[in-house]
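Trainee: Hi! Could you walk me through a structure I just opened?
Mentor: Happy to, let's bring it up first.
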Amino acid sequence: MLLLVLSFLIFLMVSLQVNRYLHYKQWLDWFLGGFLIFIAQIILVMTLSGLFYQMNNPVFVLGFQCVLLVLSTAINRFWLIPKEKYFPFVLPGFKTKIDKKNLPIVAFFVVSLGVAILNLVYVLFVPPNNNDSLAIHLARVGMWDQFGSWLPWNTKVFWQLTFPMNAELISYWTLLFTRSEHGLGLITYLTGYFSAILVYQLGYELSQKKSLALLAALTWAALPVVQMNFSSTRHDHSSSFMLIAAVYFFYYHLKEKNTSYLILSGLALGM
């Protein structure tokens, strides 16, 4: 677990430094941009480590991360010095005033929050146990851990080789440093609820009504197939989040002519 914390902190520091080169309009965009950069690093490090059959070697992976940290720090301080601060925004306050007309939506939100907590408990404490995960998604993770590479192997289950692998690369990062299966579904959980936040943001942008935007996000999160994948190790929520984030940042690029948002849209779409 300590190695995972160390790896997380290195990725986080690099993300904060890279994020200083991008210009944001609000703190949520800054957070989502940093998150995209964070997971892009994991995918980059694990993919390149796999080419050398070293993705199951924690020392090699940490060394690779340290190289990225040194490069980003050197560029930040001595070459391309960014204008933005590490934390350019102050977290906004939350209004507690509730319109009586919106009480049903508030109740919907409270119930959804409780379900989200239950899903998190399920992700962290119940080992993955559905057929798709065991036969495809986690089977490939096991092969990566055994051979140290994502390169193709001989298998009769061709989906192990053809499904998008970025989500599993992130999941494997948790397994590599903890030697435990309890974090394998965490990326799916996080990207699922981040997708709900993006649905809210886009809904508010289109309707200019917070209640309708919240209703749209909660309804999306309550759909059975969406709920099922909150506690799964499948790649569905990760892929959905990348697509929604790409649309979100591209929309704001068109609206505000912000090149940083176009870069993030391309990054999300590429992943």
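Mentor: We'll go through some helix packing, a surface patch and a few single residues, and keep in mind that this is a predicted model.

Trainee: Great. At what angle do α2 and α7 pack?
Mentor: Helix α2 covers residues 27-51 and helix α7 covers residues 166-178; they pack at an angle of about 80 degrees, and their axes are 9 Å apart. Because angles from 65 to 115 degrees count as roughly perpendicular, α2 is roughly perpendicular to α7.

Trainee: Which residues make the contact?
Mentor: On the α2 side you'll find F38, I39, I42, I43, M46 and T47. From α7 come N166, L169, I170, Y172, W173 and L176.

Trainee: OK, new topic. Which residues form the nonpolar patch on the surface?
Mentor: Look for Y21, V67, L71, I75, W79 and L80. Together they have about 600 Å² of accessible area.

Trainee: And where is L80 found?
Mentor: L80 is in the loop between α3 (58-79) and α4 (103-125). Its relative accessibility is 43%, so L80 counts as partly exposed.

Trainee: Let's try S238. Is S238 buried or exposed?
Mentor: S238 is buried, because its relative accessibility is 6% and the cut-off for buried is under 20%. You'll find S238 in helix α11, residues 236-256.

Trainee: What is S238 in contact with?
Mentor: Leaving aside neighbours within four places in sequence, S238 contacts A167, I187, T188 and T191.

Trainee: How about T233, buried or exposed?
Mentor: T233 counts as buried, at 5% relative accessibility. T233 sits in the loop between α10 (224-230) and α11.

Trainee: Then what does T233 touch?
Mentor: Not counting residues up to four places away in sequence, T233 touches P128, S133, H137, L138, E168, L184, G185 and T188. You met T188 a moment ago, among the contacts of S238.

Trainee: Last thing: what is phi of Y53?
Mentor: Phi of Y53 is near 55 degrees, a positive value in a residue that isn't glycine. Most residues other than glycine have a negative phi. Y53 lies in the loop between α2 and α3, and Y53 is partly exposed, with a relative accessible area of 45%.

Trainee: And what is phi of K257?
Mentor: Phi of K257 is near 55 degrees, again a positive value in a residue other than glycine. K257 lies in the loop between α11 and α12 (259-270).

Trainee: Is K257 buried or exposed?
Mentor: K257 counts as exposed, because its relative accessibility is 64% and exposed means over 50%.

Notes: Residues are numbered from 1 along each chain as its sequence is written. This is a predicted model: local features need pLDDT of at least 70, side-chain atom pairs count only at pLDDT 80 or more; totals for chains, interfaces and linings use all residues. Side-chain values use heavy atoms; hydrogens and water are left out. Patches are made of residues with over 30% relative accessible area and no salt bridge: like charges are joined within 9 Å, nonpolar side chains (Val, Leu, Ile, Met, Phe, Trp, Tyr) within 5 Å. Accessible areas come from the Shrake-Rupley method with a 1.4 Å probe; for residues, only the protein chains shown count as cover. A salt bridge is a side-chain nitrogen of Lys or Arg within 4 Å of a carboxyl oxygen of Asp or Glu. Helices (H or I, at least four residues) and strands (E, at least two) are DSSP runs, numbered from the N terminus. Buried means under 20% relative accessible area, exposed over 50%, partly exposed in between (1.4 Å probe, protein chains only). Axes are lines fitted to C-alpha atoms, for helices over the stretch in contact, and angles run from 0 to 180 degrees between N-to-C directions. Angles under 35 degrees count as roughly parallel, over 145 as roughly antiparallel, 65 to 115 as roughly perpendicular and the rest as oblique. Contact means heavy atoms within 4.5 Å.
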